[in-house]
Amino acid sequence: MEIVERGSVAERYRFWSAIGQDKGMAHLRLFASIREAAGTGSASFAGETVGEVLDAAITEYGGPDGDFAGLLATCNVWCNGEPADRDHSVNDTDEVAVLPPVSGG
């Protein structure tokens with residue numbers, strides 16, 4: 001069975017927007033202990049902001065009482081190499097990196 005997309009780009013966009021599939025998939029990179037808690041170093045999640053991407057990761061890897069969510073609260077978050085807060089907009093070409101605190105001497 002072959003699936004063929006029909007209609008103009010605008011028609012397809014309206015269709016996917018109507019069913020909530022118009023959000024990009026930002027790439028999430030996890031390091032050190034947060035990587036261990038998630039069981040993976042990278043994944044892609046739909047979201048329009050860093051906060052939505054992180055919330056999707058919490059849903060996937062462990063809710064508010066899980067190790068992942070607890071560790072995430074202590075981490076630094078960067079988007080494309082720059083510090084980012086939860087309201088920072090993202091799209092499908094963005095990389096969101098989560099880095100736990102680092103100590104050393």
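Select R29 in β1 together with A97 in β5, because the two residues stand opposite each other across paired strands, where pairing requires that DSSP finds at least two bridges between the strands. Strands here are DSSP runs of E with at least two residues, helices are runs of H or I with at least four residues, and both are numbered from the N terminus. The model on screen is predicted, so local features need pLDDT of at least 70 and side-chain atom pairs count only at pLDDT 80 or more, whereas totals for chains, interfaces and linings use all residues. Residues are numbered from 1 along each chain as its sequence is written, and side-chain values use heavy atoms, with hydrogens and water left out.

Keep R29 selected and add S42, which stands opposite R29 in β2. The strands β1 and β2 run antiparallel and are joined by 5 bridges, while β1 and β5 pair in the parallel sense over 4 bridges. Two further pairs can be picked out along β1: A26 has F45 of β2 as its bridge partner, and L28 stands opposite V96 in β5.

Now show the side chains of β1. In general, the side chains of a regular strand alternate between the two faces of the sheet. In β1, A26, L28 and L30 point to one face and are buried, whereas M25, H27 and R29 point to the other face and are not. Buried here means under 20% relative accessible area, exposed means over 50%, and partly exposed lies in between, with a 1.4 Å probe and protein chains only. Moving to β2, A43 and F45 make up its covered face, while S42, S44 and A46 make up the uncovered one.

Next, select the whole sheet. It is an open sheet of 5 strands in the order β2-β1-β5-β3-β4, with mixed pairing. The edge strands are β2 and β4 (82–83), each of which pairs on one side only. Between β3 and β5 the pairing is antiparallel, over 4 bridges; to see it, select N76, which stands opposite L99 in β5, and then C79, whose bridge partner in β5 is V96.

With the sheet still visible, add helix α3, which packs on the sheet and touches β1, β2, β3 and β5. The direction of α3 makes about 115 degrees with that of β2, where axes are lines fitted to C-alpha atoms, for helices over the stretch in contact, and angles run from 0 to 180 degrees between N-to-C directions. Helix α3 covers residues 50–61, has 12 residues and reaches 16 Å from its first C-alpha to its last, close to the 16 Å expected at 1.5 Å a residue; the expected span is 1.5 Å times one less than the number of residues.

Which residues of α3 are buried? They are V50, G51, V53, L54, A57, I58 and Y61. These residues lie on the same side of α3 because they cover an arc of only 160 degrees around the axis, the arc being that of the directions from the helix axis to the C-beta atoms. The buried residues of α3 pack against β1 (25–30), α2 (32–38), β2 (42–46), α4 (67–72), β3 (76–79) and β5 (95–99), with contact meaning heavy atoms within 4.5 Å. Turn to the face of α3 directed away from its buried side, and the exposed residues T59 and E60 are found there.

Three backbone positions deserve a selection of their own. Just after α3, G62 takes a positive phi of about 145 degrees. Most residues other than glycine have a negative phi. A32, in helix α2, has a positive phi of about 55 degrees although it is not a glycine. N80, in the loop between β3 and β4, is likewise a residue other than glycine with a positive phi, near 55 degrees, and N80 is partly exposed, with a relative accessible area of 43%.

Finally, zoom out to the whole protein, which has 4 helices and 5 strands following the pattern α-β-α-β-α-α-β-β-β along the sequence. Buried residues make up 30% of its 105 residues, and among contacts between residues at least 6 apart in sequence, 49% join residues at least 24 apart.
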